[in-house]
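Reader: Hello! Could you pick a single part of this chain, look at it closely, and show me how it fits with the rest?

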Amino acid sequence: MIFWAFLIISILVPILAFFISGVLAPISNGPEKLSTYESGIEPMGDAWLQFRIRYYMFALVFVIFDVEMVFLYPWAMSFDVLGVSVFIEAFIFVLILIISLVYAWRKGGIGMVLAPE
């Protein structure tokens, strides 16, 4: 019974929030509202620019090698309590990250990000 109460509440709260903000929010469609905002400067050119793949590669490399290292923080905080088996598991995790870093470097993923054109 409690599950259904939480489910109904979790469905109704966002619906009510959107409804209330839609009723209370002022609606004004002026030229400032419909223009593109770029740091207070008038926009120049077309907004649909094609980005180079290096930006996406940089994001992927960041996710793989920077965010994944966050998983080592809990291990480092409780290193003295944990046993040797957890140290070996963390070592294997870091080894997998190093192997994937070498793989990305050899495939040109990292060189493409760091090398200027």
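**A close look at helix α5**

Author: Happy to! Of the 117 residues in the protein chain, 9% are buried, where buried means under 20% relative accessible area with a 1.4 Å probe, counting protein chains only; exposed is over 50% and partly exposed lies in between. This is a predicted model, in which local features need pLDDT of at least 70 and side-chain atom pairs count only at pLDDT 80 or more, while totals for chains, interfaces and linings use all residues. Residues are numbered from 1 along each chain as its sequence is written, and side-chain values use heavy atoms, leaving out hydrogens and water.

The setting comes first. The protein chain has 6 helices and 0 strands, with helices and strands taken as DSSP runs numbered from the N terminus (H or I, at least four residues; E, at least two). Its accessible surface is about 10800 Å², and carbon and sulfur atoms hold 75% of it; the areas come from the Shrake-Rupley method with a 1.4 Å probe. Among contacts with a separation of 6 or more, 66% join residues 24 or more positions apart, a contact being heavy atoms within 4.5 Å.

Now to α5 itself. This helix runs over residues 84–107, which is 24 residues, and spans 34 Å from first C-alpha to last, close to the 34 Å expected; that expectation is 1.5 Å times one less than the number of residues. Its buried residues are Ala-90, Leu-97 and Ala-104. Just after α5, Gly-108 adopts a positive phi of about 95°.

The unreviewed UniProt entry annotates a "transmembrane region" over residues 6–27, 55–76 and 82–105; such annotations may be inferred rather than shown by experiment, feature names are shortened, and positions follow the numbering used here. Over residues 82–105, the chain is 92% helix and 0% strand, with its end C-alpha atoms 33 Å apart. Residues 6–27 are 86% helix and 0% strand, and their end C-alpha atoms also lie 33 Å apart.

Helix α3 makes a useful companion. It covers residues 53–67 and reaches 20 Å, close to the 21 Å expected for its 15 residues. Arg-54, Val-61 and Phe-65 are buried there. Viewed down the axis of α3, these buried residues fall within an arc of 25°, so they line one face of the helix; the arc is that of the directions from the axis to the C-beta atoms.

Finally, confidence: the chain averages a pLDDT of 78, and 79% of the residues score at least 70, on the predictor's scale from 0 to 100 for each residue. By element, helix α1 (residues 2–24) has the highest mean, 93, and helix α6 (residues 109–114) the lowest, 58.
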